[in-house]
Amino acid sequence: MKANCWYGKRDVRVEDVAEPRILNRRDAIVKITTTAICGSDLHLYNGFVPTMQKGDILGHEFMGEVVEIGPDVRNLKQGDRVVVAFPISCGKCFFCQKELFSLCENSNPNPWMAQKLFGQSPAGLYGYTHMLGGFAGGQAEYARVPFADVGAIKIPNGLADDQVVFLSDIFPTGYMAAENCNIEPGDTVAVWGCGPVGQFAVRSALLLGAERVFGIDRFPERLRMAEDGGAEAINYEEADVYDILMEKTSGLGPDSCIDAVGLEAHVPGLIGAYDRVKQALMLESDRPHVFRQAVLACRKGGTVSVPGVYGGFDDKIPLGSLMNKGLTIKTGQTHVQHYMRPLLERIQNGEIDPSFVITHRMRLEDAAQGYEIFLNKTDDCVKVVLKPNETYPMTTKANRFSDDKVLSDRQSDHSAFSKGGATMAEEHEARQPYKCAVCGAKFDSQDQLQNHLKICTQKKSQ
Ligand code: NAD
Ligand code: ZN
Ligand code: ZN
């Protein structure tokens, strides 16, 4: 099958790779009809997140049709059309039981890597580093969906892919960012970043009852889109963000501030040079400029909500402001499974049509071009979706086609699905590199192998 693979900084390639197959009883294989490029993918594309390996399949926002299913997935069947949540979650552990799905204890096979950086490991994610599981992503023709009974939601007929695909990530992410603000009637909310996540944060804040929302960015088309969603636009290149927010809120500051930018904030001026140099020398993981601004601007006792992704250890965080103003910080990878059903209902009720954010629909083969356009925001790009199993031509904003296909037009040929890819045994083997030369048994560590050898060689000599 074809898949979009990571090869290093600004280097992604669509290649032929082995098709996935069922490895565990709760797996499903999904034939992908729509997948998207996320701002989080740009952090990988720009080489800022460690533990990617050449050839890794990217992508964590995808949907499609179930073509094969493990025996323990009882709520889905072949032919179902599903959207898949980007965190992989078992549904049974302490965290999943609390619906903190992105913190699942059971889905990352490499927790020790994440523990080194974070103290504890969050859930495994599709196409997002070996530290978070090394799972093949969804910018591909097919994907294996572990714990499919928890991570895939069935989509009713009558809704187009483009209306529902963002239930996989950016709609719940913008929504959770707004929900984390505990919005009360009359509240003002400032959203830094009018990328796809910021767009959904703006609209969700209004859905949740905010009176005024400010959208902050520098790209006119993104600011316009935020205005279309009900925000007051602030171009940070034209005004001092702190000053203008104070002016607009009678000197109080916004009740909540949402950082929908994350670790690659664009930072003009001296402080920008400071962060850029430190990040390049690996003395600082991120450029936390927006987080700093959000803390300083937030009204006393308010909330700073951070959907933007950060990776490590950062400088000059205004802890004094945070502490003395009694702010609350809320953040996290999104607990997508918690939000998919209620947000699907909002789409069905016509409260929101998430497809507004799409500016580019492209073939999977054009993924490299899609990354470039999305990164550089050329051609007024806000969000790129890829259509792996369609033969659409590459389209630009000027030449958009509408995606009104629903499953009924798209009954696929199940028999065309051939098997390939790693088996469970192969995956397990890769994780157990110490092999007994006498009996062939495999172990996780040298110590385990040594202990085993004592018994094994004894047995052999008996
Ligand atoms: P994006 O790159 O398209 O959008 C980021 C926007 O921030 C851009 O429009 C950019 O112009 C703007 N920006 C940059 N510097 C700024 C500044 N100083 N002030 C104001 N705006 C600034 O990406 P996206 O898809 O919208 O994602 C945004 C962030 O959310 C990324 O960090 C991404 O990794 C993260 N994300 C998190 C989750 C989660 O689960 N928490 C899920 C999806 C995405
Ligand atoms: Zn994403
Ligand atoms: Zn779990």
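Me: In this predicted model, how many bridges join strand β17 (residues 360-363) to β18?
Reply: Happy to start there, and do keep in mind that the model is predicted. β17 and β18 run parallel, and R361 stands opposite V385 in β18. The strands are also part of a right-handed β-α-β unit, together with helix α14 (residues 367-376). The number of bridges joining β17 to β18 is four.

Me: In which sense do strand β3 (residues 28-36) and β18 pair?
Reply: Here β18 meets another strand, with T35 having L386 as its bridge partner in β18. Two bridges are found between β3 and β18. The sense of this pairing is antiparallel.

Me: Which residues of strand β18 (residues 384-387) point the other way from V384 and L386?
Reply: A general point helps here: in a regular strand, side chains alternate between the two faces of the sheet. In β18, V384 and L386 point one way, and these two are buried. The residues pointing the other way are buried as well, and they are V385 and K387.

Me: What is the order of the strands in the three-stranded open sheet?
Reply: The pairing in this sheet is antiparallel. Its edge strands are β2 (11-16) and β4 (56-57), each of which pairs on one side only. Strand β1 (residues 2-8) is joined to β2 by six bridges, and the order is β2-β1-β4.

Me: Which residue is the bridge partner of N4 in β2?
Reply: Strands β1 and β2 run antiparallel, with six bridges between them. In β2, the partner of N4 is V14.

Me: Which protein residues are the donors of the zinc ion (ligand 3)?
Reply: Along the chain, the donors follow the spacing C-x2-C-x2-C-x7-C. Each gives its SG atom, and they lie 2.3 to 2.4 Å from the zinc ion (ligand 3). Among these donors, C90 is buried, at 3% relative accessible area, and C96 is buried too, at 4%. The full set is C90, C93, C96 and C104.

Me: What is the geometry of the site of the zinc ion (ligand 3)?
Reply: For comparison, the ideal angle for four tetrahedral donors is 109.5 degrees. The four donor atoms of the zinc ion (ligand 3) make angles of 104 to 117 degrees. Four donors count as tetrahedral if all angles lie between 85 and 135 degrees, so this site is tetrahedral.

Me: How many disulfides does the model have?
Reply: In general, a disulfide is a covalent bond between the sulfur atoms of two cysteines. To be counted, a pair of cysteine sulfur atoms must be within 2.5 Å. By this rule, the number of disulfides is zero.

Me: Why does the pair H60 and D169 tie together parts of the chain that are 109 residues apart in sequence?
Reply: Both residues are donors of the zinc ion (ligand 2), as is C38, at 1.8 to 2.2 Å from it. The donors are spaced C-x21-H-x108-D in sequence. H60 and D169 tie these parts together because H60 lies in the loop between β4 and β5, and D169 in the loop between α5 (161-164) and α6 (170-179).

Me: Is Q78 buried, partly exposed or exposed?
Reply: Q78 sits in the loop between β5 (61-69) and β6 (81-84). Its side chain reaches the backbone oxygen of V67 at 2.9 Å. Buried means under 20% relative accessible area and exposed means over 50%. Because Q78 has 42% relative accessibility, Q78 counts as partly exposed.

Terms used
Residues numbered from 1 in each chain as written. Chains lettered and ligands numbered in written order. Predicted model: local features only at pLDDT ≥ 70, side-chain atom pairs only at ≥ 80, totals over all residues. Heavy atoms only, no water. Buried < 20%, exposed > 50% of the residue type's maximum accessible area, 1.4 Å probe, protein only. Donors = N, O, S within 2.8 Å, 3.2 Å for Na, K, Ca; no water. Tetrahedral: all angles 85-135°; square planar, octahedral: opposite > 155°, others 65-115°. Pairing = 2+ DSSP bridges. Right-handed = clockwise from strand over helix to strand, strands pointing away. Polar contact = N/O pair within 3.5 Å; in protein donor to acceptor, adjacent residues only side chain to side chain.
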